[in-house]
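Visitor: Could you show me how to read the way helices and strands pack in a model like this one?
Guide: Gladly, let's open it up.

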Amino acid sequence: MPAAITDREQRQHAFRPARASHAAKAGGLGLALLLAMGAASALQAEAASPPRTVVIGGTIAEIVAALGAQDQLVGRDSTSTHPETLQRLPDVGPMVQISAEGVLALTPELILADPGVKPPAAVEVLKASGVDYRVIPRVLTAEGVTDRILATAEVLGREEAGAELAAKVRADLDEAKARAAAIPKSERVPVLAVISLAGGKIMTGGEGTTVDSLITLAGGINAGRGISGYKVITDEAVIAAAPRVILVSGDTGGPYASREDSLAHPALAQTPAARDDRIATMDGLLLLGFGLRTGEAILQLHETLYGPAATKGQ
C-alpha cells in the first residue's frame, strides 16, 4: 500500500500550482513590460531622428551641409551641387522646372525651398501634400545672407551651429564691404555679367539680380544696371556700356556663356574687357546664388577688379 500522505505534504502540493501560477503571471508581466519599453524606445528614436528632407535651392543645400545636417537629405534639385557629396543624392530636376511627383516619390517629411521654385502648379501640389514645406527667405543683401543661414538653422533645430556659421560669414562680408568702400567712385570698374549667349544674344543681369548685388558689393559698377532682372541686351548697348571686365560662369555646358564664346562674340570683342583680356570666371552657384560663399565670391571679384595689391592694402 502506498505510504500515507502527511498534512505537511498535502499543504506543499496545494501551494505548488499557486506558486507556478504566480511565476507565470510575473513572467508575463515582465515580458509585457519589456515589450512596452521597447516600443517606447522605438517611438523615442523615431521622434529623435531628423526628418527625411529634400532641398530645392543650391545655396540652401550648401548651408544644410555646413550645419552638419547633410545626412538627413534624401534628395536635391539640379543646382545643389556643392559640396560635391550632394551630387550622390537623387536629383529632382532644375529648381525652376521642379517635378512634384519626383519630389514626393522620395517620401520626404520636410522640404526646404527657395522662393524661386517653379512652376507654381508644382509648388501648390507640394504644399497640399501634407509634407512640411518651408520657404527659406532670400534677400540680396549682406544681411540677407546671414538671415538665410539663421532661418535654415532654425528649421533644422541647429540654432547654435547656425549662429556660429552666420558669424563667420558676416566677418567675410564685413571685410568685403570695407574693401569696396575704400574704392573711390571715380575709380570703380564697370562689369558686365554675361549669363548666356544662346543664339548669339547677350543675356545679362540687371537691377534686382544676384549678379548686380555681387558686383556692387565688390565695389564695381554693373554695366547692365539700365535693365531690371535677367534680360537680353542689344549689341549696341553692350558696346556703349564699355565694360572693363566681363564676368562669366566657369561651369561648362548648359546655358552658361564661356570665356571663349565671349571673346569670339562680335559685340563683346569690341569692349575694353575683351581687348585687355579681362574675362573673369566664377563658379555658377557663386555667380547666380546668394548664400554661404557670397563673402568669398565678393572678395574674389574685388581682387579681380582691383588686384591683389589693392586687396592687401585695405
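We will go through the sheet, then a pair of helices.

Guide: Please keep in mind that this is a predicted model.

Visitor: Let's start with the sheet. In what order do the 4 strands lie?
Guide: Reading a sheet begins with its strand order. Here the open sheet runs β2-β1-β3-β4, and the pairing is parallel. At the edges are β2 (73–76) and β4 (132–135), each of which pairs on one side only. Neighbouring strands are turned against each other by 20 degrees on average, direction ignored.

Visitor: How many bridges join β1 to β3?
Guide: Strand β1 (residues 53–56) and strand β3 (residues 110–113) run parallel and are joined by 4 bridges. To find the register, look for residues that face each other: Ile56 stands opposite Ala113 in β3.

Visitor: Which strands does α5 lie across?
Guide: Helix α5 lies across β3 and β4, and its direction is at about 180 degrees to β3.

Visitor: And at what angle do α2 and α5 cross?
Guide: For two helices, look at the axes and the angle between them. The axes of α2 (residues 58–66) and α5 (residues 142–156) come within 10 Å and cross at roughly 60 degrees. That angle is why α2 counts as oblique to α5. The crossing of α2 past α5 is right-handed.

Visitor: Which residues meet there?
Guide: From α2 come Thr59, Ile60, Ile63 and Val64, and they meet Arg148, Ile149, Thr152 and Leu156 of α5. Sorted by class, this contact has 5 nonpolar, 2 polar and 1 charged residues.

Notes: Residues are numbered from 1 along each chain as its sequence is written. This is a predicted model: local features need pLDDT of at least 70, side-chain atom pairs count only at pLDDT 80 or more; totals for chains, interfaces and linings use all residues. Side-chain values use heavy atoms; hydrogens and water are left out. Axes are lines fitted to C-alpha atoms, for helices over the stretch in contact, and angles run from 0 to 180 degrees between N-to-C directions. Angles under 35 degrees count as roughly parallel, over 145 as roughly antiparallel, 65 to 115 as roughly perpendicular and the rest as oblique. A crossing is left-handed if the near helix is turned anticlockwise from the far one by less than a right angle, and right-handed if clockwise. Contact means heavy atoms within 4.5 Å. Ala, Val, Leu, Ile, Met, Phe, Trp, Tyr, Cys and Pro count as nonpolar, Asp, Glu, Lys and Arg as charged, and the others, Gly among them, as polar. Two strands pair if DSSP finds at least two bridges between them.
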